[in-house]
Amino acid sequence: MKIRLFFLTLLFFCSAIIRADELSLIPLPQSVERGNGSFVFDKKVRVNVAEYAGDSLFAVIDDFAEELRVATGIVLKRTKSSSAVVRVLIDDSLANEAYRLHVDKMGITINVACPAGLFYALQTLKQLLPRNVVAGVPDENVEEWSIPAVTIADEPRFAWRGFMLDEGRHFYGKDEVKKIIDIMAAYKMNRFHWHLTEDQGWRVEIKKYPRLTEVGAWRDSRVLGWGDTKPDGILYGGFYTQEDIKEVVAYARKRFVEIVPEIDIPGHSQAAVASYPGILACDMNVWHEVWKWQGISADVINVADPNAVRFAKDVIDELIEMFPFGYIHLGGDECPTAKWERNEECRSLLAEIGSKNFRDLQINFYKELKEHIAAKPATEQRKLIFWNEVLYGNIEPLGKDITVMAWVGADRAAENAAKQGLYTILSPQIPYYINRRQSPLPTEPRSQGQGTETVEAVYNYVPMNGIAEDLQKYYLGVQANFWSEWVVDASTVQYLILPRLAAVAEAGWTHQHLRDYSDFVRRIQADALFYRLKGVNYGKHIFEGDSGMNF
């Protein structure tokens, strides 16, 4: 215990030295100018916040004040006095997520146009303090709380800075999801893509269809079979109630993270089919169960059955109630057509829509769902996202107002989507699937890949590289994905995503000409303490003094 405390103390002093001489900010701001001296906090600090519609700036500063109090003991109190040493001013010339931060010996001034800009300015402010403040825990070793004099002008390169967690295959629970959201917010990421359904499990309560969680959320194996690994026969599962969802949604909204729920249909849907085979299955003469294996199941939804279409619409209706954000993801990847090809209803529907490509049954299914959403009141409408396989069919019935998430052949697929006038998000399987091994060391946890998706490989991917200027407007941003086939526990999730998530965050926020891997490695050293104090696991490979041999 004494050795561990010594090591943590040493890490703290190392991070303090880095912070004093060379700021350890991630993602790197667009412009940083060092000043002379520093601002030293008193135990009580007054802050003047400009009036804003709905007083939402007050809510952001009050949340920050509570975090600061817990971590430092400093009491930050709002006042209307012009003599306040911390001032938040409105500057309508700034973009929604942009901010200007000026710190000198006399105080702190923050200029923003919107609450999001203030939130991101405060994330930077926390990184200018010892890392225990970022982690949200106290540190009794700090005798003086100070921030170096600095002027920062900052705004993100991309609007979409995302991370996807697959809980269809393994279930981690809302407390672990909140930890991930905390880390995303610290790195100024703003989209949590929640992959909630799979062949191997359905993880969200749909009240109209209770068997989705009574049956679909459980399977007869904790591990998923693959090769020499066989199903273990252990009853395994879990799901989120709608109350759980509301709790996580509220938690994310306070951190300016939008949640994008994904219901993967009509493929990757064996758990749903097992729950309601009478309305979803293509064949009733076989047994349907929640899948216990990895890979791609052939048991897809019968898209020609009106009851299956009604099911999908009903699920979307409840998702809209649970997730008050702009997008819903409907999957669309890796959907086998073999069962449609043998199903009379599906063959008849294909002829009816005038196609010989069974992939167009999937497009027609999505068209019906899209029209269902479009008929809703404006406040209930959502934009739809699909994996880039949606480009393989006849895209015209879906129109131009969908978003393509490019994963397989991502650069080419994204450019193809942009040339069709479709918005796109770069989520390349290599190297942004950060469930893959991040080192070739034999001590790495079992997962996909050969360890070539190192932190450096993830960092050095260049989004939107060589794309014509007229197409760049269709590129919303970047996203890292975590697929959980091999990963049963949350600690291994953390180990594999960190610090690679920070590398993706910087690609989303920082303009390419400012990015440099060696400088990133220098700046990330301070976050070893952040991760430890936050109580999360992480890959040790690029951290000085860490062997990288344990997880």
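How much space lies in the second largest pocket? In this predicted model, the answer comes out at about 410 Å³. Its lining is made up of 17 residues, and those closest to the centre are E334, Q429, Q448, W483 and E485. Sorted by character, the lining of this second largest pocket splits into six nonpolar, six polar and five charged residues.

The largest pocket, for its part, has a volume of about 500 Å³. Here 28 residues do the lining, with E67, F119, K126, D182 and R255 the closest to the centre. The mix in the largest pocket is 16 nonpolar, three polar and nine charged residues. As for where the lining comes from, helix 2 (56-72), helix 3 (115-128), helix 4 (131-135), helix 5 (174-186), helix 7 (242-254) and helix 20 (527-534) each put in at least two residues. Helix 2 provides the largest share, eight residues.

Now for the sheet. Seven strands make up an open sheet with mixed pairing, laid out in the order 1-7-5-6-4-2-3. Strand 1 (31-40) and strand 3 (75-78) sit at the edges, each pairing on one side only. On average, and with direction ignored, neighbouring strands of this sheet are turned by 20° against each other. In general, strands of a sheet pair through backbone hydrogen bonds, either parallel or antiparallel. Strand 1 and strand 7 (residues 146-154) run antiparallel and are joined by seven bridges; one bridge partner to look up is T151 in strand 7, which pairs with E33.

Two of the helices that line the largest pocket also turn up against strands. Helix 2 packs on the sheet, where it touches strand 2 (44-49), strand 3, strand 4 (86-90) and strand 6 (107-112). The direction of helix 2 makes about 165° with that of strand 3. Helix 3 lies across strand 4, strand 5 (99-104), strand 6 and strand 7, and runs at about 35° to strand 5.

Zooming out, the protein chain holds 20 helices and 19 strands. Its C-alpha atoms fill a box of roughly 75 × 50 × 45 Å along the principal axes. Why does a radius of gyration of 24 Å agree with a compact globule? Because a compact globule of 551 residues would have a radius of gyration near 24 Å, and the protein chain has 24 Å.

Methods: Residues numbered from 1 in each chain as written. Predicted model: local features only at pLDDT ≥ 70, side-chain atom pairs only at ≥ 80, totals over all residues. Heavy atoms only, no water. 1 Å grid on protein atoms, 1.4 Å probe; cavity = no way out; pocket = protein on both sides within 12 Å on 5 of 7 lines; lining within 4 Å. Points joined across faces, edges and corners; volume = space filled by probe spheres on them. Helix = DSSP H or I, 4+ residues; strand = E, 2+ residues; numbered from the N terminus. Nonpolar A, V, L, I, M, F, W, Y, C, P; charged D, E, K, R; others polar. Pairing = 2+ DSSP bridges. Axes fitted to C-alpha atoms, helices over the stretch in contact; angles between N-to-C directions. Contact = heavy atoms within 4.5 Å. Rg over C-alpha atoms; globule rule 2.2 N^0.38 Å.
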